[in-house]
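Q: I would like a close look at one residue in this model and at how its part of the chain is placed. Please then carry the same kind of description over to the helix packing elsewhere.

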Amino acid sequence: MGQEMKNPSWRLSFPHVLVATISSFLFGYHIGVVNEPLESISSDLGFNGNTLAEGLVVSTCLGGAFVGCLLSGWIADGVGRRRAFQLCALPMVIGASLSAATKTLQGMLLGRFLVGTGLGVGPPVAGLYVAEVSPAFVRGTYGSFIQIATCLGLMAALLIGIPVREIPGWWRVCFGVSTIPAALLALAMIFCAESPHWLYKKGRIAEAEAEFEKLLGGSHVKSAMAELSKSGRGGEEIDTVKLSELLYGRHFRVVFIGSTLFALQQLSGINAVFYFSSTVFKSAGVPSNLANTFVGIANLSGSLIAMALMDRLGRKILLLWSFFGMAVAMVLQVFGASSYVSESGALFLSVGGMLLFVLNFATGAGPVPGLLIPEIVPNRIRAKAMAVCMSVHWVINFFVGLLFLRLLEQFGPQLLYSMFATFCLMAVAFVKRNVVETKGKSLQEIEIALLPQE
């Protein structure tokens, strides 16, 4: 890119990015919201002691998310990024209201499924939108806002869940209160800019220029449009993206890199750690509220480190060190679970290893894939490729949640944690070989560098 005299002001795009991250806050909130209240939900709705029903309350949300995620690319390309956010807020408001008011397990499951569909659409569209509206020099920092908002959502869910044991029916408030940020997202998006990349792809050139002016300032519109025109004519290739093109065509490589990154992110064991951290802490004699607070602080601290370093060190370095640190943390937990270590040593290793794992995850493996994928995928297929890659994330997330406890019983913690550590080391090797650095480059520069010429 012919380097500008100076970068555009980050202040112009900042409010738009902030609104988009409300969807990530909701994502974190709904992932964490059933952790504390699950017992009182099951006794109020009459399925106490039924572990299958309890599992369904958690996993129907993931099932809904998979469906929403698969559709997200077609929604974001069909109606635009802004309307996609508004559409993802709708089932979140309806589903959360239904879960809050229901008297039956069926009502709860339907509510959770609807919320899930919204959750499936939100994160891929947030990743797309942030990559497309951010100036190149702060794109990494803005990308880490997604992870920070997710952390804050998780922490909010845990905080709101605290009175659940004391106040009967409090779990209804936990669900009901989430309708407020969802409604706020839908309303605030009315005032946000549409993605100029999407408008350009649709052939709406004048509107794309107007949105660039909103996001970058008048003096940068010409150069931004010149960059966009490098990636092909606007309005030419509408809706010609077939699934086959993503799975075995000239775009296969970037989709493969994206899907593998999300798969390795989940296979590292992060969600097993999130879902079952309280069990580990309980065996160490730490009360669950305190345990959740520690995990939340480690997660948030890592995300803030990522925000500070993403545009300085770059995505690849953060990914490499993050996965390597996670492997080391898992090895500590393996030692913590062995019979050779004294009881106090085991406690220190398993709790310390878990917190170190979460901290390392949040510095790279957590925030980077969701930002890197919209950066490396060409504009024409960006939304649909993001949908395919994120769907891999949901499928593996679902199976890890489903099988973790059973595998723990069968193999024991040492073997299971060793498997997670191995996946982390495989991720280091994969990133070293396949991931390109995207720091500070425009999306068009990355596209031209990566795409094989026809």
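Is valine 221 buried or exposed, and what is its relative accessible area?

A: The model is predicted. Valine 221 is buried, because its relative accessible area is 12% and the cut-off for that class is under 20%. The residue belongs to helix H12, which covers residues 221-229. Apart from neighbours within four places in sequence, valine 221 has contacts with Glu209, Phe212 and Glu213. As a further distance, its C-alpha atom is separated by 12 Å from that of isoleucine 205, and the two residues are 16 apart along the chain.

Serine 23 can be described in the same terms. Serine 23 sits in helix H2, residues 22-32. Its relative accessible area is 1%, so serine 23 is buried as well. Leaving out residues up to four places away in sequence, serine 23 touches Phe85, Gly122, Ala126 and Leu185. Ser23 is also one of the residues through which H2 meets H6, which leads to the helix pairs.

Two packed helices are described by the angle between their axes and the distance between the axes. For H2 and H6, the axes come within 9 Å and cross at roughly 140 degrees. H2 is therefore oblique to H6, since an angle must be over 145 degrees to count as roughly antiparallel. The crossing of H2 past H6 is left-handed. On the H2 side the contact is made by Ser23, Ser24, Leu26, Phe27 and His30, and on the H6 side by Arg112, Val115, Leu119, Gly122, Pro123 and Ala126. Sorted by class, this contact has 6 nonpolar, 4 polar and 1 charged residues.

H6 also packs with a second helix, H7. H6 spans residues 105-133 and H7 spans residues 139-161. Their axes lie 9 Å apart, at an angle of about 160 degrees. H6 and H7 are therefore roughly antiparallel to each other, the cut-off for that term being over 145 degrees. H6 passes H7 in a right-handed crossing. From H6, Ala126, Gly127, Val130 and Ala131 take part in the contact, and from H7, Arg139, Tyr142, Gly143 and Ile146. By class there are 5 nonpolar, 2 polar and 1 charged residues in the contact of H6 with H7.

Ala126 links these descriptions: this residue of H6 is listed in the contact with H2, in the contact with H7, and among the residues that serine 23 touches.

How values were computed. Residues are numbered from 1 along each chain as its sequence is written. This is a predicted model: local features need pLDDT of at least 70, side-chain atom pairs count only at pLDDT 80 or more; totals for chains, interfaces and linings use all residues. Side-chain values use heavy atoms; hydrogens and water are left out. Axes are lines fitted to C-alpha atoms, for helices over the stretch in contact, and angles run from 0 to 180 degrees between N-to-C directions. Helices (H or I, at least four residues) and strands (E, at least two) are DSSP runs, numbered from the N terminus. Angles under 35 degrees count as roughly parallel, over 145 as roughly antiparallel, 65 to 115 as roughly perpendicular and the rest as oblique. A crossing is left-handed if the near helix is turned anticlockwise from the far one by less than a right angle, and right-handed if clockwise. Contact means heavy atoms within 4.5 Å. Ala, Val, Leu, Ile, Met, Phe, Trp, Tyr, Cys and Pro count as nonpolar, Asp, Glu, Lys and Arg as charged, and the others, Gly among them, as polar. Buried means under 20% relative accessible area, exposed over 50%, partly exposed in between (1.4 Å probe, protein chains only).
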